[in-house]
Amino acid sequence: MTRTRAPRIRTGRLALVAGAAFMAALVPATTAQAALPSNSDLEVVRLDPDQVAPGGTTTVHGFVANGGPQKTANSFTVSVRLPRQVTPEEPYFPEDCQATQGLLGVWTVRCVFPAGLNVDDSATALIPVRVSENAPFGNLTGGRVSVSSIDDILHLGNNSTPFVMKIVETGRQG
């Protein structure tokens, strides 16, 4: 019985040692994937969506530019908070954007872009939206586009901007 038992114990220890070796190899590789922050100035550029009639659709553009002086070394997140009475509708760009509904029914869509945005280049999240049929005519406020990244911690003043949706009668849409 000792012979039968001994291999099981050794196998268990061997698996434990192999598992520990695997984890030791995995942890440095995972840590190495996170780059040191670059000196990037990510800026949200205000782009109001096209005017829309109640019940209609338009697209919100989360437009972000890299003012430099360096290319982004890490990913960045573009967040689009929609005004009340506006809901996101897939498909988004990029495809893996995630929509969540918060307090008072306000929707936020978050889109993660990979590292490597060059200086003077831009990235745009495209969020199709539908306006409630009960939305009043005029300016619908409360929308905001923001960007966040560990690469952009020195220049926070331009990381967020509001946008306005102009709600118009069907005949005046343009």
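The exercises below, each with a worked solution, concern a predicted model.

**Exercise 1. Determine the strand order of the open sheet and which strands stand at its edges.**

Step 1. The open sheet is formed by four strands, and its order reads β1-β2-β7-β4. The pairing in this sheet is antiparallel.

Step 2. β1 (42-45) and β4 (86-88) each have a single partner strand, so they stand at the edges, and one side of each lacks a neighbour in the sheet.

Step 3. From one strand to the next, the twist averages 35 degrees.

Step 4. At the β1 edge, the partner is β2 (residues 57-66), joined to β1 by four bridges in an antiparallel arrangement. V45 has F63 of β2 as its bridge partner.

**Exercise 2. Find the strands joined to β3 by bridges, and give a residue pair for each.**

Step 1. Strand β3 covers residues 76-81 and is joined to β6 by six bridges, the two running antiparallel. Here S79 is the residue whose bridge partner in β6 is R110.

Step 2. Five bridges join β3 to β8 (residues 138-148), again in an antiparallel arrangement. In this pairing V80 stands opposite V145 of β8.

**Exercise 3. Identify the disulfide, assign its handedness and state whether its cysteines are buried or exposed.**

Step 1. Two cysteine sulfur atoms count as a disulfide when they lie within 2.5 Å. The sulfur atoms of C97 and C111 are 2.1 Å apart, and these residues form a disulfide. The count under this rule is one.

Step 2. C97 belongs to the loop between β4 and β5 (98-101), while C111 belongs to strand β6 (residues 107-113), so the bond ties together parts 14 residues apart in sequence.

Step 3. The S-S torsion of C97 and C111 is about 115 degrees, so this disulfide is right-handed.

Step 4. The limit for a buried residue is under 20% relative accessible area. C97 has 5% and is buried; C111, with 0%, is also buried.

**Exercise 4. Describe the largest cavity by its volume, its lining residues and their classes.**

Step 1. One cavity of 30 Å³ or more is counted. The largest cavity holds about 40 Å³ of space.

Step 2. Its lining consists of V45, R46, L47, H61, V145, T161, P162 and F163. By class, five of the lining residues are nonpolar, two are polar and one is charged.

Step 3. The strand giving the most to this lining is β9 (residues 160-167), with three residues.

Step 4. Two lining residues also appear in the strand pairings above: V45, partnered with F63, and V145, opposite V80.

**Exercise 5. Locate the cis peptide bonds preceding P91 and P94, and the positive phi values of L104 and D120.**

Step 1. E90 and P91 are joined by a cis peptide bond with omega about 10 degrees. P91 is placed in the loop between β4 and β5.

Step 2. The bond from F93 to P94 is cis as well, with omega near 0 degrees. P94 is in the loop between β4 and β5, and C97 of the disulfide also lies in that loop.

Step 3. L104 is not a glycine, yet its phi is positive, about 60 degrees. L104 sits in the loop between β5 and β6. Its relative accessibility of 66% makes L104 exposed.

Step 4. D120, another residue other than glycine, has a positive phi near 70 degrees. D120 is located in the loop between β6 and β7 (122-131). At 67% relative accessibility, D120 is exposed.

Methods:
Residues numbered from 1 in each chain as written. Predicted model: local features only at pLDDT ≥ 70, side-chain atom pairs only at ≥ 80, totals over all residues. Heavy atoms only, no water. Pairing = 2+ DSSP bridges. Axes fitted to C-alpha atoms, helices over the stretch in contact; angles between N-to-C directions. Buried < 20%, exposed > 50% of the residue type's maximum accessible area, 1.4 Å probe, protein only. 1 Å grid on protein atoms, 1.4 Å probe; cavity = no way out; pocket = protein on both sides within 12 Å on 5 of 7 lines; lining within 4 Å. Points joined across faces, edges and corners; volume = space filled by probe spheres on them. Nonpolar A, V, L, I, M, F, W, Y, C, P; charged D, E, K, R; others polar.
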